[in-house]
Amino acid sequence: MEVLSLLLLLAMLGLLSTLTGGMREDTRARRRWDARFDFESREVRRTDATGVLMCRSCGSSGSERAGCCPRCGAGL
Ligand SMILES: [Zn+2]
């Protein structure tokens with residue numbers, strides 16, 4: 001009976017590790033998707049009709065017409 005419970009425990013542990021491994025794989029894929037989405041949204045922002053660009057140095061938004069960041073002065 002003890003051997004059987006030990007085997008059951010080992011089987012449970014194996015299943016658990018498989019599940020967590022699968023979850024890790026899932027989060028990695030989601031992170032990759034997030035990165036792609038972030039990149040695409042940034043691409044859209046660059047050609048935004050409103051003319052507002054996000055500064056790559058400090059992250060604040062400045063108008064496209066000004067050409068430089070109002071906070072740090074870096075080129076947009
Ligand atoms: Zn800036």
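## A tour from one helix to two serines

Start with the whole chain: of the 76 residues of the protein, 4% count as buried. This is a predicted model, so colour it by confidence before going further. The protein averages a pLDDT of 80, and 88% of the residues score at least 70.

**Stop 1: the overall layout.** Switch to cartoon. The secondary structure comes to one helix and two strands. Along the sequence, the pattern reads α-β-β.

**Stop 2: helix H1.** Select residues 2-46. Confidence is lowest here, at a mean of 79. Now select strand S2, residues 61-63. Confidence is highest in this strand, at 86.

**Stop 3: contacts along the chain.** Look at the contacts with a separation of 6 or more. Residues 24 or more positions apart account for 0% of them.

**Stop 4: Ser 60.** Select the loop between strand S1 (52-54) and S2; Ser 60 lies there. Is Ser 60 buried or exposed? Ser 60 counts as exposed, because it has 11 C-beta neighbours inside 10 Å and the cut-off for exposed is 12 or fewer.

Show what surrounds Ser 60. Beyond its neighbours within four places in sequence, Ser 60 is in contact with Cys 55, Cys 69, Pro 70 and Arg 71. Then draw a C-alpha distance from Ser 60 to Cys 72: it comes to 8.9 Å. These two residues are 12 apart along the chain.

**Stop 5: Ser 61.** Step along to Ser 61, which is found in strand S2. How many other C-beta atoms lie within 10 Å of Ser 61? There are 16, so Ser 61 is partly exposed; a buried residue would need 20 or more.

Which residues does Ser 61 contact, leaving aside its neighbours within four places in sequence? Select Val 52, Leu 53 and Met 54. Strand S1 spans 52-54.

Finish with Leu 76. The C-alpha atoms of Ser 61 and Leu 76 are 9.1 Å apart in space, with their positions 15 residues apart in sequence numbering.

Methods. Residues numbered from 1 in each chain as written. Predicted model: local features only at pLDDT ≥ 70, side-chain atom pairs only at ≥ 80, totals over all residues. pLDDT = per-residue confidence, 0-100. Helix = DSSP H or I, 4+ residues; strand = E, 2+ residues; numbered from the N terminus. Contact = placed C-beta atoms within 7 Å.
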